[in-house]
Every structure is written in C-alpha cells, then in structure tokens.
Amino acid sequence: MAVVINKKTLKHLAELARIDLKPYEEKKLLKDLQRILDYFQELKELDTKDIEPLTGIGQITQKNTFRDDKVDLERRQKEIGEVGRILETFPETEGRFLKTPPVFE
Amino acid sequence: MYLHDLTIKKFHQGLLNKDFSAFEITEAFLKFIKEKDKKIGAYLKVMPESALRQAKDVDLKIAAGESPPLVAGVPLAVKDNILISGESVTAASKILEDYQASYDATVIEKLRSLGAIFLGKTNLDEFAMGSSTENSAFDLTRNPHDLKRVAGGSSGGSAAAVASTQAIASLGSDTGGSIRQPAAFCGVVGLKPTYGAVSRYGLIALASSLDQIGPITKTVEDAEILFNAIKGKDPKDSTSFDYEKQQASGGLQDITKLRIGIPKEYFIEGLNPEVKAAVDRVIKDFESLKFKITSISLPHTKYALACYYIILPAEASANLARYDGMRYPRIKNQESRIKNLRDLYIKNRSEGFGEEVKRRIILGTFVLSAGYYDAYYLKAQKVRALIKEDFDKVFKEIDLILTPVTPTPAFEIGEKTKDPLSMYLSDIFTIPANLAGLPAISIPIRHLPKDKLPIGFQMIGRHFKEADILEIGKIYEAIYS
C-alpha cells in the first residue's frame with residue numbers, strides 16, 4: 001500500500017521545516033511528493049530484514065578518527081581571525097554576541 | 001598561444017619556457033570571459049583584481065628563481081559552494097545572496113599555497129540540488145556546444161567554464177553525479193574522488209555522507225594533477241583520510257593487466273541509442289588494446305535512485321536547518337513583519353529557498369519523521385548496504401567498471417523542469433558510486449564527430465584506486481591524440 005501524502009501531512013512537515021508554503025506551492029508539492037513516494041515503492045520488493053544499515057562510507061574508508069587532546073596554537077591563532085570575520089557576517093550583534101528576535105513575544 | 005589549447009600541463013610548460021607569463025594568460029582569460037560569458041552564463045562572479053594579483057605573485061616568484069609547482073599560475077574557476085575567504089559565496093541561493101566567506105576552504109588553501117589563480121565563482125543548482133543548473137536563483141548556464149541545451153548540473157557553471165575556454169580547469173562538487181554529469185554534457189573530464197579523499201572543509205554541505213569535491217578539466221592528466229593538489233587528510237574534516245597511506249597499503253598494479261567489467265544493468269531500455277553506440281565503441285577500443293573485458297552484474301542498481309532520493313533529502317534537510325536568518329544575512333525588507341524568532345526562521349526560509357530546495361527539505365523531513373523513519377530512511381540505508389555489496393562482489397573479479405555517464409546527451413533547457421522525477425532520472429548511472437563512496441570519472445568519448453553533442457563514459461574504481469581509472473583514462477585519450 002502506497003503512502004498517501006495529504007494536505008494535512010504536508011502542512012505539518014512544512015511547519016517542522018519552518019517553511020510557509022503558498023497555496024500554489026502546496027498544490028505542486030502534493031503532486032510531486034506523491035509521485036516521488038510512489039517511486040520509492042519499488043524498494044518494498046527488497047527483503048532487507050537481516051541487512052545492517054550502511055550509515056556512511058566513513059566506516060569503510062577509515063576507522064574512528066581521533067586527534068591529540070591539546071591546543072594547536074597555530075590553528076588557534078588563525079581561528080581567532082576567522083571568528084572575528086564570522087562575527088562581521090552576523091546580521092545583528094551586540095558586542096561579540098549574536099542578537100536574535102525574542103523567542104517569546 | 002591559443003587559450004583553448006591550454007591544459008594545465010601545457011600551461012606549465014609554457015610558463016617554464018617563458019612563452020608567456022601567468023599575468024598575461026590570466027589577463028587574456030579575464031578578457032575572454034568578458035566577451036564570452038554573456039552567452040554562456042558560467043560565472044556568477046568574476047574576481048579580476050585578486051586573480052591578477054595572484055598571477056603577479058607567481059611571476060615574481062619565477063623571476064626570483066623559484067621553480068613553480070604544476071598548478072602555479074593556472075587560472076581556475078571555482079563552484080560557488082566552495083568558500084574563498086573575503087569573497088561572496090551564494091550556493092546559487094537567495095538565502096546566501098549577501099554572504100561573505102570568512103575563511104578559505106581547505107582545497108582553496110591548498111591551491112592558493114601552490115600558486116593557483118581563482119578567476120571567479122561558477123553557477124550551480126541552488127545548494128547543488130539539480131542536474132541542469134536551472135535551479136540557480138541567479139542565472140542560467142548554457143551548454144557551450146548548443147546554447148539551447150543545459151550544461152548539466154549541479155556543477156554546470158564549472159563544466160561550461162572549462163568547455164568554453166573561460167578557465168583552464170575548475171573545481172566542482174559531486175553528491176550524486178554533479179561533477180560527472182555536467183562534464184559529460186559539456187565534453188570535459190570530471191573526477192569524483194573516493195569519499196574522504198579530499199577535504200570538504202569549506203564546502204557548503206548538501207548530503208554529508210555523499211559529498212565530495214573534485215576537478216573538472218580538459219584532459220585526464222589534468223584531472224590527476226588537480227586531484228593530487230587537493231587530496232589528503234585534513235584535521236578539519238574528520239571524514240578525510242591519509243591518502244598516500246591508504247594507497248600504499250593497496251599495492252601497485254600492472255595497468256595493462258587491469259580487468260574491465262561492463263555491468264548489464266547500465267545498458268537498459270531507456271538508454272539513448274547514440275549513447276549506447278558511443279559507449280560500445282569505447283569498449284571496442286579497450287578490447288583492441290587487449291584489455292580483458294567481462295560482463296558483470298550489479299543487481300541492485302535499479303534501486304539506487306530511490307535509495308539516493310531518500311538519503312539525500314534526509315541529510316540535506318538537516319544540513320539546511322542552519323539557514324535560519326540568524327547567522328547568515330537576512331532576506332531584506334521584512335524586518336517590520338518579524339515579531340519573534342519563529343517568524344524570522346519562517347520568513348527567511350520561505351523567501352530564501354527556491355522550489356527544489358523546499359521540495360527536498362520537506363521530503364527529507366518526511367522520511368525522517370516518526371512513523372516513516374523505518375519504512376524510508378532505515379530501509380534506504382539497508383538498500384545502500386546492498387548496493388555497496390554489489391560492488392564489493394564484482395571487485396573480486398574485475399578492477400574497474402565501465403558504464404555510460406548519463407542515459408542521454410544534454411537535454412534542452414526547460415525540458416525537465418516541470419517534472420522533478422524525470423530530472424532525477426538523469427543521474428541514475430552516477431548515483432551508485434556516491435552511495436558506495438567509490439572514485440568515478442567521466443571522460444568525453446573522443447571518436448564522435450565535432451558537430452555532435454558530447455557523450456561521456458564513466459569508469460568506477462575501487463576505494464582509493466583513483467590511479468586505476470586515471471591511468472586507464474590516459475590510455476584511452478592516447479588512442480585519439
């Protein structure tokens with residue numbers, strides 16, 4: 001049984017993603033998403049009961065990645081400059097703080 | 001000296017012979033871009049001042065007796081999802097329209113220290129989501145071989161720039177074919193390295209278990225040069241690995257003994273007859289060079305597209321959560337409507353993201369949501385394991401895999417924009433290599449007449465075995481040189 005995506009589900013997803021959809025966007029998305037989900041149906045025919053999920057390729061190309069727990073002074077020096085430039089790109093700041101609108105009204 | 005003849009290799013020789021200076025060539029490229037790019041639309045931004053300054057530095061060093069590295073002075077184009085410090089970086093999205101990079105991506109840092117020159121930033125599908133560069137919020141990139149057709153995507157600008165002599169080579173990024181597909185459409189070489197071979201620090205993330213940066217060039221040899229310049233472990237990207245060490249542990253192969261596998265699942269009904277004929281001819285070329293060619297099967301190939309379009313949106317929806325109007329520039333002229341943080345998120349994301357980006361964020365949110373996670377996301381990860389196993393199995397019998405890059409040559413502008421699924425299908429042959437993390441290269445088929453649209457063939461190698469596909473690629477090119 002194919003999953004049917006209705007307007008209510010779409011509204012909920014858009015809310016989760018913090019996107020406000022215009023009526024024409026909703027209409028097109030409903031159609032597109034349904035076609036895409038129908039296409040996903042073909043995965044159902046595969047028996048994957050005993051298959052371990054592959055979460056990424058990092059587990060193949062290398063094992064865990066560690067670094068020594070010490071300050072890299074050269075890198076730190078560079079990063080201080082970068083942090084300054086990142087602060088400059090923030091739309092609103094107060095001192096070295098990022099300023100946002102209130103969480104609650 | 002003709003710009004269109006220049007490869008990285010030839011440029012380097014010319015520089016050593018003092019046939020020209022880096023400054024002269026950079027100036028010539030900048031002049032040519034001014035004329036040519038009105039028609040093509042490869043660049044979102046050209047950086048003449050910094051490029052000429054970099055070129056002058058290279059010339060000064062040569063004059064002082066330094067011997068220049070292979071990429072020194074080479075005018076490059078860079079996909080606009082890779083950060084160059086102090087320059088704007090948009091990912092072709094309105095949401096980053098006014099954003100300035102505050103640091104160099106590791107690939108840029110490496111190339112900069114070798115003296116490479118950055119001519120400008122190239123167009124792409126918004127956040128690298130697309131196969132035609134039609135999803136860019138800013139510009140349309142046309143195929144230099146036929147202006148009515150797309151350049152491919154998402155690295156369409158980077159491929160078109162190289163194909164139209166607006167750069168000697170370029171950098172792109174490949175999540176499901178975004179280097180190889182536009183390279184094939186534009187008749188240039190594109191390499192997607194092994195997952196983790198090249199640092200992605202400073203690449204705007206799309207899907208982190210799939211993304212790789214790689215070169216787009218005129219020849220396989222150039223792809224090798226550029227790859228060697230950018231590869232290697234980077235402490236700032238924990239998925240990157242020590243390439244030399246991995247390669248050494250694999251041991252060296254006698255190139256002439258490499259066995260080539262042809263997977264039957266890639267020669268399906270929907271394959272355009274011209275593409276099929278062209279790839280068949282490539283196989284014959286290798287046969288006549290006495291390579292051992294074997295028919296193989298990768299039985300889960302047909303599931304790769306569905307698997308990819310679950311995993312990619314899932315990862316993308318998480319990666320793109322950061323564009324919230326807080327740490328990046330805000331969409332203009334709406335301050336009065338914003339009362340709280342939630343409004344800010346919604347206004348910026350609703351107006352800042354384009355149609356395809358919204359579609360994938362919503363789809364990703366869906367496949368990760370409670371109740372659907374197991375049926376979609378977990379299922380896709382299991383299918384991904386099966387696809388990878390297919391490759392593991394065949395690599396016991398053969399050393400590399402030869403396939404078409406795309407089911408058709410470049411399609412017309414507007415042909416697939418209405419139907420996302422038909423657009424997604426143009427990546428069916430390139431996606432499996434990303435899912436399995438394997439290196440893959442797209443090489444233009446050389447025997448085609450000049451007035452035909454370019455067609456590419458793809459070679460997929462084992463993990464860390466870029467050397468195999470690059471060497472065989474060079475052998476192929478030598479037949480036609």
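## Core, interface and one helix of a predicted model

The largest nonpolar core has 164 residues, and those with the most contacts inside it include Val71(B), Leu119(B), Cys307(B) and Ile310(B). Such a core is a set of buried Ala, Val, Leu, Ile, Met, Phe, Trp, Tyr and Cys residues joined through C-beta atoms within 7 Å. A residue is buried if 20 or more other C-beta atoms lie within 10 Å of its own, exposed if 12 or fewer, and partly exposed in between, with C-beta atoms placed from the backbone. Helix α10 (residues 304-319) of chain B gives the most to this core, eleven residues.

The model is predicted: local features need pLDDT of at least 70, side-chain atom pairs count only at pLDDT 80 or more, and totals for chains, interfaces and linings use all residues. Residues are numbered from 1 along each chain as its sequence is written, and chains are lettered from A in the order in which they are written.

Between the chains, 44 residues of chain A are in contact with 52 residues of chain B, contact being C-beta atoms, placed from the backbone, within 7 Å. α2(A) gives the most to the side of chain A that touches chain B, with seven residues.

Helix α9 of chain B is described below; helices are DSSP runs (H or I) of at least four residues, and strands (E) of at least two, numbered from the N terminus.

| Side of α9(B) | Residues |
|---|---|
| Buried | Val275(B), Ala278(B), Val279(B), Val282(B) |
| Exposed, turned away | Pro273(B), Ala277(B), Lys284(B), Glu287(B), Ser288(B) |

The buried residues of α9(B) pack against β11 (400-404) and β13 (456-461) of chain B.

How values were computed
Two residues are in contact if their C-beta atoms, placed from the backbone, lie within 7 Å.
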